[in-house]
Amino acid sequence: MGKALEITDSTFEELIQGDQPVLVDFWAEWCGPCKMIGPVVEQLAGEYEGKAVIGKMDVDMNSAVPAKFGIRSIPTLMIFKNGQLVDKVVGVVPKTTLEDKLNAQIVATV
């Protein structure tokens with residue numbers, strides 16, 4: 001079963017350059033809503049293994065990327081493809097919302 005990647009400021013740019021969609025969950029340990037969506041992100045990592053890259057970035061440990069994208073509220077989940085931001089969700093959303101957004105990007109690849 002897949003596990004969400006730990007993404008850092010130093011690994012972010014290289015990671016988002018691939019042609020697979022990359023979902024990044026910007027979160028923090030102290031954030032209650034982040035803890036609610038965290039298990040969903042981990043589930044998606046397993047279910048989308050080989051189809052999409054699922055990762056998490058702790059905004060307290062990594063400040064450059066969150067600052068670059070102007071992240072003010074967490075959790076913020078962004079989907080990147082070929083190095084470009086293609087979709088974004090702020091706050092806790094149902095798993096189906098994230099699945100729909102990922103599937104739309106996967107279909108766009110085929």
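**Fold and selected residue environments of a predicted protein chain**

The secondary structure of the protein chain consists of four helices and five strands, where helices (H or I, at least four residues) and strands (E, at least two) are DSSP runs numbered from the N terminus. Read from the N terminus, these elements follow the order β-α-β-α-β-α-β-β-α. The model is a predicted one, in which local features need pLDDT of at least 70 and side-chain atom pairs count only at pLDDT 80 or more, whereas totals for chains, interfaces and linings use all residues. Residues are numbered from 1 along each chain as its sequence is written, and side-chain values use heavy atoms, with hydrogens and water left out.

The predictor's confidence in each residue is expressed as pLDDT, on a scale from 0 to 100; its mean over the protein chain is 94, and 97% of the residues reach 70 or more. Among the elements, confidence is lowest in helix 4 (residues 95-109), with a mean of 91, and highest in strand 2 (residues 22-27), with 98.

The overall dimensions were evaluated on the C-alpha trace, which spans about 35 × 25 × 25 Å along its principal axes. The radius of gyration, taken over C-alpha atoms, is 13 Å, which agrees with the value near 13 Å for a compact globule of 110 residues, the globule rule being 2.2 Å times the number of residues to the power 0.38. Of the 110 residues, 45% are buried; here buried denotes under 20% relative accessible area, exposed over 50%, and partly exposed the range in between (1.4 Å probe, protein chains only). The chain exposes about 5700 Å², of which carbon and sulfur atoms supply 56%, with areas obtained by the Shrake-Rupley method and a 1.4 Å probe, and with only the protein chains shown counting as cover for residues. Where contact means heavy atoms within 4.5 Å, 73% of the contacts between residues at least 6 apart in sequence join residues at least 24 apart. The mean positions of the 10 positive and 15 negative charges are 4 Å apart; Lys and Arg count as positive and Asp and Glu as negative, without His and the chain ends, and each charge is placed at NZ of Lys, CZ of Arg, CG of Asp or CD of Glu.

Two residues illustrate the surroundings of strand 3 and helix 1. Lys56, in strand 3 (residues 53-58), is buried because its relative accessible area is 9%. Beyond residues up to four places away in sequence, Lys56 touches Ala4, Leu5, Glu6, Ile7, Asp25, Trp27, Gly38, Val41 and Glu42. Leu15, located in helix 1 (residues 9-15), has a relative accessibility of 22% and therefore counts as partly exposed. With the same exclusion of residues up to four places away, Leu15 touches Leu5, Ile7, Val22 and Val53, while its C-alpha lies 23 Å from that of Gly91, a residue 76 positions apart in sequence.

The loop that precedes strand 3 contains Ala52, which follows helix 2 (32-47). At 7% relative accessibility Ala52 is counted as buried, and, apart from residues up to four places away in sequence, Ala52 touches Gln20, Pro21, Leu102 and Ile106. Its C-alpha separation from Phe26, 26 residues apart in sequence, is 17 Å.

Backbone geometry was examined in the loops flanking strand 4. Most residues other than glycine have a negative phi, and most peptide bonds are trans. In the model, however, the bond joining Ile74 and Pro75 is cis, with omega about 5°. Pro75 belongs to the loop between helix 3 and strand 4 and is buried, since its relative accessibility is 1%. Leaving out residues up to four places away in sequence, the contacts of Pro75 are Asp25, Phe26, Cys31, Pro33, Cys34, Ile37, Val89, Val90, Gly91 and Val92; Asp60, 15 residues apart from Pro75 in sequence, is 12 Å away, C-alpha to C-alpha. Ile71 occupies the loop between helix 3 (64-68) and strand 4 (76-81), is buried at a relative accessible area of 13%, and contacts Phe26, Pro66, Thr76 and Met78 once neighbours within four places in sequence are set aside. Asn82, which is not a glycine, has a positive phi near 50°; Asn82 is situated in the loop between strand 4 and strand 5 (84-90) and is partly exposed, with a relative accessible area of 46%.
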